[in-house]
Amino acid sequence: MSNDRRLDIEFAYTSFQDSCRDLFSLHYRCRRPLGHHGVHAAGFGEHRVRWTHHQDHDLDTPLPTH
Ligand SMILES: [Zn+2]
């Protein structure tokens, strides 16, 4: 299974409310599950984007509390 296919499935099973929502741009917020490992990702097909969070940017959404 390709990494893109894996992300498609991850997105499909993650509601927006349960997603990471790290901000990439006005149109893209991370759609991976909250607390995921590795890069943030959003979008489908050729619009798929991946990014790492910049430490000097504030988090757009609060970190989960454990
Ligand atoms: Zn993320």
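Is Arg21 buried, partly exposed or exposed, and how many other C-beta atoms lie within 10 Å? Arg21 is partly exposed, because 17 other C-beta atoms lie within 10 Å. The legends below concern a predicted model.

**Figure 1. Overall view of the protein, with one helix and two strands.** Read from the N terminus, the order of the elements is α-β-β. The protein has 66 residues, and 14% of them count as buried. Among contacts with a separation of 6 or more, 19% are between residues 24 or more positions apart.

**Figure 2. Close-up of Arg21 in the loop between helix 1 and strand 1.** The phi of Arg21 is positive, at about 65°, although Arg21 is not a glycine. Most residues other than glycine have a negative phi. Arg21 is partly exposed, since its count of other C-beta atoms within 10 Å is 17, and a residue needs 20 or more to be buried.

**Figure 3. Close-up of Arg32, a buried residue.** Arg32 also lies in a loop, the one between helix 1 and strand 1. Arg32 counts as buried because it has 22 C-beta neighbours inside 10 Å, and the cut-off for a buried residue is 20 or more. Leaving aside residues up to four places away in sequence, Arg32 touches Glu10, Thr14, Ser19, Cys20, His40 and Ala41. Tyr13 is 19 residues from Arg32 along the chain, and the C-alpha atoms of the two are separated by 9.3 Å.

**Figure 4. Close-up of His36 and Ser19, 17 residues apart along the chain.** His36 is located in the loop that runs between helix 1 (3-12) and strand 1 (40-42). His36 is partly exposed, because 16 other C-beta atoms lie within 10 Å. Between the C-alpha atoms of His36 and Ser19 the separation is 9.1 Å. Ser19 is also one of the residues that Arg32 touches.

**Figure 5. Close-up of Asp8 in helix 1.** Asp8 has 16 C-beta neighbours inside 10 Å and therefore counts as partly exposed. The C-alpha atom of Asp8 is 9.6 Å from that of Arg31. Along the chain, Asp8 and Arg31 are 23 residues apart.

**Figure 6. Close-up of Ala12, an exposed residue.** Like Asp8 in the preceding view, Ala12 has its place in helix 1. Ala12 counts as exposed because there are 9 C-beta neighbours inside 10 Å, where the cut-off for an exposed residue is 12 or fewer. Arg31 appears again in this view: Ala12 and Arg31 are 9.1 Å apart in space, C-alpha to C-alpha. In sequence, 19 residues separate Ala12 and Arg31.

Notes: Residues are numbered from 1 along each chain as its sequence is written. This is a predicted model: local features need pLDDT of at least 70, side-chain atom pairs count only at pLDDT 80 or more; totals for chains, interfaces and linings use all residues. Helices (H or I, at least four residues) and strands (E, at least two) are DSSP runs, numbered from the N terminus. Two residues are in contact if their C-beta atoms, placed from the backbone, lie within 7 Å.
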